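Colleague: I should like to go through this model with you, one feature at a time. Please give the reasoning behind each answer before the value or name itself.

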Amino acid sequence: MKTALILSSLLVGAQSFGVVPVTQGRVATQLYAAISEENMTSDQKEIRDIQNKWNEIRLLDRETAQKELSGEWLEAYNRYFEKYDDDMQRMSEYTQRLEKMIEPPKVAKKTKGQRKRDAYARVLARSGN
């Protein structure tokens, strides 16, 4: 009886240090797959063409975009980067505020002379002069 108890406790102890199975973080499903060309409607083809055009335009630097783009594409480009610049400005303001909260400005230590002047000012305040 004691032997069975000891062996079962050893077995449970050995199983508790077993390797835990690793789960997959992200599983590819059909939702991530692109629709084939022959299964697309005309609207889907138009959307895909717009996406491809925007992917090319978005990577242009600002001077090149101002020279090469016109009309609706230039307006979209300017709107996109105007919003981007606004967001970056706001994030830099947030980081400055957080930085002040995380590390408040340090007050310089008083010198020996300043401590003596403060002590003398307290003495004068108590005496009423």
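Modeller: Let us begin with two aromatic residues: Tyr77 and Phe81 both belong to helix α4, four residues apart, about one turn of the helix. Helices here are DSSP runs (H or I, at least four residues), strands are E runs of at least two, and both are numbered from the N terminus. The model is a predicted one, in which local features need pLDDT of at least 70 and side-chain atom pairs count only at pLDDT 80 or more, while totals for chains, interfaces and linings use all residues. Residues are numbered from 1 along each chain as its sequence is written, and side-chain values use heavy atoms, with hydrogens and water left out.

Colleague: Is Tyr77 buried or exposed?

Modeller: Buried means under 20% relative accessible area, exposed over 50%, and partly exposed in between (1.4 Å probe, protein chains only). Tyr77 has a relative accessible area of 2%, so the residue is classed as buried.

Colleague: How many aromatic pairs are there, and what is the geometry of Tyr77 and Phe81?

Modeller: A pair of aromatic rings is described by the distance of the centres and the angle of the planes. Rings of Phe, Tyr and Trp (its six-membered ring) pair if their centres lie within 6.5 Å; planes under 30 degrees apart count as stacked, over 60 as edge-to-face and the rest as tilted. The count by this rule is four aromatic pairs. For Tyr77 and Phe81, the centres are 4.7 Å apart and the planes at 50°, and the pair is tilted.

Colleague: Which class describes the pair of Tyr80 and Phe81?

Modeller: Phe81 is buried at a relative accessible area of 14%, whereas Tyr80 is partly exposed at 36%. Their ring centres are 4.9 Å apart and the planes stand at 90°, so the pair is edge-to-face.

Colleague: Which residues form the aromatic cluster?

Modeller: Tyr77 and Phe81 are paired, and both take part in one cluster. Its full membership is Trp54, Tyr77, Tyr80, Phe81 and Tyr84.

Colleague: Which element gives the largest share of the largest nonpolar core?

Modeller: A nonpolar core is a set of buried Ala, Val, Leu, Ile, Met, Phe, Trp, Tyr and Cys residues joined through side-chain atoms within 4.5 Å. The largest one has eight residues: Trp54, Ile57, Ala65, Leu69, Leu74, Ala76, Tyr77 and Phe81. Two or more residues come from each of α2 and α4. The largest share, four residues, belongs to α4.

Colleague: Which residues does Ala65 contact beyond its neighbours within four places in sequence?

Modeller: Contact means heavy atoms within 4.5 Å. With those neighbours set aside, the partners of Ala65 are Leu60, Leu74 and Tyr77.

Colleague: How far is Asn78 from Ala65 in space, C-alpha to C-alpha?

Modeller: Asn78 is placed in helix α4 and, at 31% relative accessibility, counts as partly exposed. The two residues are 13 residues apart in sequence, and their C-alpha atoms are separated by 9.1 Å.

Colleague: How many salt bridges does the model hold?

Modeller: Side chains of opposite charge can pair when their charged atoms come close. The rule requires a side-chain nitrogen of Lys or Arg within 4 Å of a carboxyl oxygen of Asp or Glu. The count is seven.

Colleague: Where do the partners Asp85 and Arg62 lie?

Modeller: Asp85 and Arg62 form a salt bridge whose closest N and O atoms are 2.8 Å apart. The pair links distant parts of the chain, 23 residues apart: Asp85 lies in helix α4 (residues 72–102) and Arg62 in helix α3 (residues 62–68).

Colleague: What is the N to O distance between Asp118 and Lys110, and is Asp118 buried or exposed?

Modeller: The side chains of Asp118 and Lys110 form a salt bridge at 2.7 Å, N to O. Asp118 has 19% relative accessibility, so this residue counts as buried.

Colleague: Which residues are joined into a network by salt bridges that share partners?

Modeller: Shared partners join these salt bridges into one network. Its members are Lys83, Asp86, Asp87 and Arg90.

Colleague: What share of the residues in the protein chain is buried?

Modeller: The secondary structure comprises five helices and zero strands, in the pattern α-α-α-α-α along the sequence. Among contacts with a separation of 6 or more, residues 24 or more positions apart account for 3%. Of the 129 residues in the protein chain, the buried share is 8%.
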